[in-house]
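Visitor: Please walk me through this model. I will ask short questions, starting with one strand.

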Amino acid sequence: MNKKKKAAGLFIPILLFFLVIAAIALRFWAQADECVEHPLAFTETFNTTDFEDVANTSVAHWTDGPPPDLPGYISLNKLGSEFDVSNPGSFPAWINTITSGDFDNDGWPDFVGTSSSFSNALVFVRNLGVNGQVGSFGITHNIDGTVCPLYPASGDPTRGVNNTAIDNDAVDGSEHCALTSGDYDGDGDLDFFYVVSYGDSPYNIKRIWFYANQLAQTGSLSFTETVRTTTDPWPATLKGIAWSTTIMTTLDFDNDGDPDILMGNKAGEVIKINNRNKTRAISNSSKWNFATVLTGVRTGWSSSSNRGVSTLSVADLDNDTDLDIFLGSVSYAEMQYWKNDGSGNFGTSPYRTYTDSSGDTNNNNYDGAATVSIANDFDRDGDVDVMVGTDNWNYRPGSEEIGGMCYYFRNAGGEFSQRLIYDGRDASPPVYDFDLGANLDYDKDGDQDFLIADGNHTENYYLFVNNIADVYNLQGIAQSTNVTPALDPNLHAITRIRIINLNQAVVGGSSSGLVISYYVSNNDGRDWEFYARCEGAEIHNYGTFPDAQSGDWHTFEHYGARLKWKAVLEAGDDSIPDFPNSSYETPRVDNIEFEIIYVDRKEYSRTSVAATIADNSGAAIKLIIGGTFYYPGWQGRLIAYDVTDMSPVNSSYSELRTVSRSDLADPTGREIVAPGTEILWDAGSLLAARSASDRVIYTAIPNPTGTALNRLDFTVANVTTLEPYLQDVQGDDDGLIEFIRGVGRDWKLGDINHSNPVVIGPPTGVSGQMGAGYDAFKLAWADRKKVLYVGANDGMLHCFDVLTGQELWGFIPYNLLPKLKSMWAVDQITLDRYFARDVYVDGSPVVADVMLGGNWKTILVCGQGPGKGSVIGGGANYYFALDVTDPENPLPLWELTHVDTMGETWSVPLIGKVTKDGADAWVGFVGSGYDNNPDPGVILGNTFYAVDLAAGSIFWTFEADEVDTSDPARTNDQFPNIQNTLPGSASYVDIDRNGYADRVYIGDLDGRIWKVDVTPEFENAGSWDAEALYVDPDNYPIVTKPAIWRNPAGVTADPRIFFGTGGDDGAPIDATYSFVALIDREASTDIEWYLGVPYGIRSAERDVGNLAAGEKVWADPKIEDYTVYFSTLTGSIEAVDPCLNLAGLGKLYARFIVSIGGSPVGGTAFKGLSGALESLDLAIKTRSAVTLGETQTTTDGAKKREVYIQEYDSTVQKLEQLTGGLLKVKSWREVYKVFKR
């Protein structure tokens, strides 16, 4: 049994944290038989804001300042969003377009303003609160630098009326204009951006101006103008605005540290003006580029007779760390809420629309015609709310006036409720409509107020003053920044955490309804994992506060070395009069201390090796090829071992021998153990040494008709075509292309984690079963180069030359193009770019010869495993197909998804021939893997698909229902429910050997083997039915691909189906699982034999052995020489913590499927010196199936089958197994331990 050892040492105080980490020797060493764990400690007292993520924190008192206000703590904020409405003093009434911010750096929010009536007059409006006149504003500067009298501030502008405007131009009027502001050049002061369109249709661009604030350079407020009006492609891209509204906003949309601009336009689009580097001057021609975030087709607001997008707000509306969009239009009835899918894409339709279909314009529901949207956390609960103001000129429901109304869209967990908080129609004097608005903490009290105004009718300005009641909000979030900045993610990974000291209390009279939920993230907040929750009386001090699920340590489910923590504070609604959604009490946290465990870099594998014979200048060489990865660091390895001269041991036993194992101290990274073995090539090293410009990398994009995919070279030469899909976070799409190709990276090959390599040479199908014309196809490609295909988490499917190891090409699926930018991340402090690992092509390819469109082709179909794609392809989880008839000229065929049902694409497609609509059809049968949609109302992954390979379309499905194994009614076999999905692969049998699939089999996670009879011609959805051939009595999960065998001596022999249970990390660790052999008789099903104790089916004549408690069958069984091979493991294999994966045992089984040498059917094929052996102990457990190689002959004439196993620690072993009679086994075992030191 493997054991873990913790590195000795006391917890490191926070002041010594960085020194200790810096002292760690960062070097490679030989991968010894251990998994070393290192401890760290971190304490947060809330006395400083060193590790406070201010932007994502919505609690009070972290910290209130220096002594005597210390010690700090966190609690819920007092309730906001109850507004008093007033008119600010001395506000310039002629202004109807503004952008707000502290332009003069005096700590008070100001404005830059203009007007559709004076659209080339720009003025600076100062907040006079700095002079003690809180709530008053006045013009102090014209933007051209002229200082003007403070008053009459409410009159016409001193420049632009009766004089000249900016640049001494004549005064303009009746235009449409928009403003936004940000520190675009990174010098510490606010700049602004100004767009003007002509006042009449078609509302084309008239002016595009940038103004760079010179305050930081000169010490006084002035602006330098940059004109983009005639600079291509600015006017053509922005198109124009059709109403003066809040149509632009500035924020760091792509999280690269540079403020970008998002702008709506008359065409119903949202355009991103991407800031490629905030340190570049605004006038720099390479600073800006563009991307279309939403098209007019998607918003539905593209009609030239209307005015397109009129207002937009951008914020993280659902607290998933990416930015979403809230859109409105003066021409339409609805507000649109667009959710970001995490890659900067927003799907084909809004997540939600908000409109009032009742026709009642006096209720709380939005009636249309938005001109203003202002996003902020007005109620201080941690969710971004939106205020919306309305127009009266354009859209009117039933001709009823709806201008001057302000709606409060209150956000609660990413969903909005609506409330009409101001109806200007009832004001005195009435408000005709609203034209402008802005966030404005006008009095600097920390509460979010806002300004909204009718700038060109009543010319009244309304300041909504956020009142803070002496009651508490119902929710607040405390979030940290990275508390382990000294850990190198390439060398270390945080695997476990626990809270070892927690001080918390209740403020108020009762703890009832109070909750604190704790979350942790080891990947810089990209993924949050629940830790534990305290409710009511549980809110008190703890010494050790354990993880809720494990009762001790929290083991991370994601990879990383950048630790953040988060606390969500909640209170129950006390139904306080005049203060809805509020509480008299709040939870309070004073101190939290973490113990953290991290591990060092080692080599691992979860895949099978490929075995093949290659022709080296006429000499046959025998190769086994294995894919592995280094973790942390995610460096992919693909190594070919030449085992031609690895002679079999001359014995009467079956020999289990080690071929190679990891040794990071060796220049090759491997130790060769078996004599006669050598490394022929290392594809990762070859690729690292190769120039990035020398690589051939393809991708695919839709052709102009959208009916197919066209191949495109993934090169800088095609950046213009690729830009709309790539959208690099700094706008450097050239650089992103080069980075993906390998520029600036020490290692180019990404980790090969779950993708099994596949070797393909010339066509090998049986002509009589394949069909007409196949003989000619085989002849034409008889000399086809032998290649290897494998997916990797560098965004690509790779093709390698089997003989040389050189990469022939890489292919990036279309749906992954928008996700590539996450690989080239930006350090928020230094702005340096670095490699950030994500999951891309992590599924296994399958290659088959098929007839498509009357022509024989060799096609490759591959899933992406957990490699979630982008919504640009219509979904999230994908399969893709390539024509690889010519392996040096791959052609994209299609990409397949189903947004409503398809889960992660782990299932390796099963390709076969059926009769469909009166003709032969080549189809793919695929399962649907784990549900990766966080929405509990959406169920993914429990659907089985039949796919027409010619069209890449789904034509038949069935849905496997859910069995709740946590149901209390299950008295003997209750365990935590595993959501039912079909991540395993399918198998089929050709009963009459005519080349057509007859019966298809697949397992699910509720312990069923499903059978689909596909013998009938497919004509409609009712042509085929799925039936549960086998139901595990305990509903233990089946993830293995069923192995199918028919006795070749019997023409009509019933097929045998072999499979195992327990293959899921969520399955109980102490249960007894089973390996089962079924006979599928057409009218009935019999269990021929089994191992283990499947409840309810045990009988002496069918019981052929035992499995120990916790032995799970993960790997697909394989059949050769009348023997079925399968492996088991105990513990975890898919855990993030490699120490957990290394702990436990792995075993290999071999069972006869017919009686050989007098042995019983189902009997063991292993025999030692003292008799039969039930199983062999592997060096380390394995996730992957065995690989069956050639038959060797010893010098004594014994024939032995080569069986290769690649284990989790990347050790490659070879079983030399006698192919006749009971096998004798010479045991070999090396125990890998996990030490504590």
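Visitor: How many of the ten residues of strand β40 are buried?
Guide: This is a predicted model, where local features need pLDDT of at least 70, side-chain atom pairs count only at pLDDT 80 or more, and totals for chains, interfaces and linings use all residues. Residues are numbered from 1 along each chain as its sequence is written, and side-chain values use heavy atoms, with hydrogens and water left out. Strands are DSSP runs of E, at least two residues, and helices are runs of H or I, at least four, numbered from the N terminus. Strand β40 spans residues 653–662 and is mostly covered; the buried count (under 20% relative accessible area; exposed is over 50%, partly exposed in between, with a 1.4 Å probe and protein chains only) is nine.

Visitor: In β75, which residue is the bridge partner of Arg657?
Guide: Two strands pair if DSSP finds at least two bridges between them. β40 and β75 (residues 1212–1218) have five, in the antiparallel sense. In β75, Arg657 is matched with Lys1214.

Visitor: And in β41, which residue is the bridge partner of Ser662?
Guide: β41 covers residues 670–672 and runs antiparallel to β40, with three bridges between them. The partner of Ser662 there is Arg670.

Visitor: Which residues do shared salt bridges join into one network with Arg657?
Guide: A salt bridge here is a side-chain nitrogen of Lys or Arg within 4 Å of a carboxyl oxygen of Asp or Glu. The whole structure has 53 of them. Those that share partners join Arg657 to Lys622, Glu1202, Lys1214 and Glu1216.

Visitor: Why do the buried residues of α6 line one face of the helix?
Guide: Helix α6 runs over residues 719–726, and Val719, Leu722, Tyr725 and Leu726 are buried. An α-helix has 3.6 residues a turn, so residues three or four places apart point the same way. Directions are taken from the helix axis to the C-beta atoms. The buried residues line one face because, seen down the axis of α6, they fall within an arc of 115°.

Visitor: What covers the buried residues of α6?
Guide: Contact means heavy atoms within 4.5 Å. The cover includes β43 (697–702), β44 (709–713) and α7 (733–741).

Visitor: Asp728 and Arg833: buried or exposed?
Guide: Gln727, with a positive phi near 50°, follows α6. Asp728 forms a salt bridge with Arg833, with closest N and O atoms 2.8 Å apart. The pair links distant parts of the chain, 105 residues apart: Asp728 sits in the loop between α6 and α7, Arg833 in β50 (residues 833–835). Both are buried.

Visitor: Why does Asp470 count as exposed?
Guide: Asp470 forms a salt bridge with Lys78, with closest N and O atoms 2.7 Å apart. Lys78 is partly exposed, at a relative accessible area of 25%. Asp470 counts as exposed because its relative accessibility is 66%.

Visitor: Which are the edge strands of the sheet β29-β34-β31-β32?
Guide: This open sheet has four strands in that order, with antiparallel pairing. Within it, β29 and β34 (residues 564–570) share five bridges, and Ile477 has Val568 as its partner in β34. Pairing on one side only marks the edges: β29 (475–479) and β32 (529–535).

Visitor: What distance separates the centres of domain 2 and domain 3?
Guide: Domain bounds come from an automatic or database domain assignment. Domain 2 is 91–467 and domain 3 is 898–1048. Taken over C-alpha atoms, the centres are separated by 52 Å.
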